[in-house]
Amino acid sequence: MASLAIKSGALVTLPELHPSSPFYEEGASLRVTGKLQHYYVETAIAIIADGSATLNIDTQHLRDLSFRVGSIYQFIGELHIQQENGAILQARVGRNVDGLDLNLYHQSLQLLRQFHADRMNNSSNLMQF
């Protein structure tokens, strides 16, 4: 029987999300953070940016979330690759994270990844004995 469990969103920065990235795959469950550049009420599409990287977010399933251009938002959802328009994240969770220091957030994400890599290396070294 196939599992219908919802996957947690992998932490990824917008600059890391490009066609050659391991995160850039159809249906990947991701957590992304960026500053709202545009919000189109008619289509419920938000465009967030982090530096020069941008991503379209489909927010049609989100309720009780008001959008303000210039605010910082975090979304969890599934990535869908569209041939003509690049990628779009179908958001299932969204929240305003104004006050979040994006530079510090990126640093903490790098430290978290380093911790996991070190832990995996230590585990594999222990298994060799």
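Here is a chat between a student and a tutor about how the labels on this predicted model are earned.

Student: What should I know about the ground rules first?

Tutor: This is a predicted model, where local features need pLDDT of at least 70, side-chain atom pairs count only at pLDDT 80 or more, and totals for chains, interfaces and linings use all residues. Residues are numbered from 1 along each chain as its sequence is written, and side-chain values use heavy atoms, with hydrogens and water left out.

Student: How do you know how many helices and strands the chain has?

Tutor: Helices (H or I, at least four residues) and strands (E, at least two) are DSSP runs, numbered from the N terminus. Going by that, the chain has 1 helix and 6 strands, in the order β-β-β-β-β-β-α.

Student: What makes S3 and S4 a pair?

Tutor: Two strands pair if DSSP finds at least two bridges between them. S3 (residues 45–50) and S4 are joined by 6 bridges, so they pair, and they run antiparallel. One bridge partner set is Ala49 with Thr54 in S4. The hairpin has 2 residues between the strands, and Gly51 there takes a positive phi near 65 degrees.

Student: And what makes S4 and S6 a pair?

Tutor: There are 3 bridges between S4 and S6 (residues 86–96), so the pair qualifies, this time in the parallel sense. Ile57 stands opposite Leu89 in S6.

Student: Why is Thr13 called buried?

Tutor: Buried means under 20% relative accessible area, exposed over 50%, partly exposed in between (1.4 Å probe, protein chains only). Thr13 has 9% relative accessibility, so the buried label follows. Thr13 sits in the loop between S1 (10–11) and S2. For the whole chain, 36% of the 129 residues count as buried.

Student: How do you know which residues Thr13 touches?

Tutor: Contact means heavy atoms within 4.5 Å. Leaving out residues up to four places away in sequence, Thr13 touches Asp50, His106 and Leu109. Thr13 and His106 are 93 residues apart in sequence, yet 7.5 Å apart in space, C-alpha to C-alpha. Chain-wide, among contacts between residues at least 6 apart in sequence, 52% join residues at least 24 apart.

Student: What makes Glu16 and Arg113 a salt bridge?

Tutor: A salt bridge needs a side-chain nitrogen of Lys or Arg within 4 Å of a carboxyl oxygen of Asp or Glu. The closest N and O atoms of Glu16 and Arg113 are 2.3 Å apart, so the pair passes. Glu16 is in the loop between S1 and S2 and Arg113 in helix H1 (residues 102–127), so the bridge ties together parts that are 97 residues apart in sequence. Arg113 is partly exposed, at 24% relative accessibility.

Student: How do you know that Arg68 and Asp98 form one too?

Tutor: Their N to O distance is 3.2 Å, so they meet the cut-off. The pair links distant parts of the chain: Arg68 in the loop between S4 and S5, and Asp98 in the loop between S6 and H1, 30 residues apart. Both ends get the partly exposed label, Arg68 at 44% and Asp98 at 40%.

Student: What makes Arg92 and Glu78 qualify?

Tutor: Here N to O is 2.9 Å, so this is a salt bridge as well. Arg92 is in strand S6 and Glu78 in strand S5, 14 residues apart. In total, the structure holds 3 salt bridges.

Student: Why is Asp58 said to have no salt bridge?

Tutor: The nearest side chain of opposite charge is Arg63, 9.4 Å away, so the cut-off isn't met. For charge, Lys and Arg count as positive and Asp and Glu as negative; His and the chain ends are not counted. Asp58 is nonetheless buried. It lies in strand S4 (residues 53–58), and its contacts include Ala44, Ile45 and Leu89.

Student: What makes the phi of Ala44 worth a look?

Tutor: Most residues other than glycine have a negative phi. Ala44 has a positive phi of about 60 degrees although it is not a glycine. Ala44 is found in the loop between S2 (29–40) and S3, and is buried at 11% relative accessible area.

Student: And Asp64, buried or exposed?

Tutor: Exposed, because its relative accessible area is 83%. Asp64 also has a positive phi, near 55 degrees, and is found in the loop between S4 and S5 (72–82).
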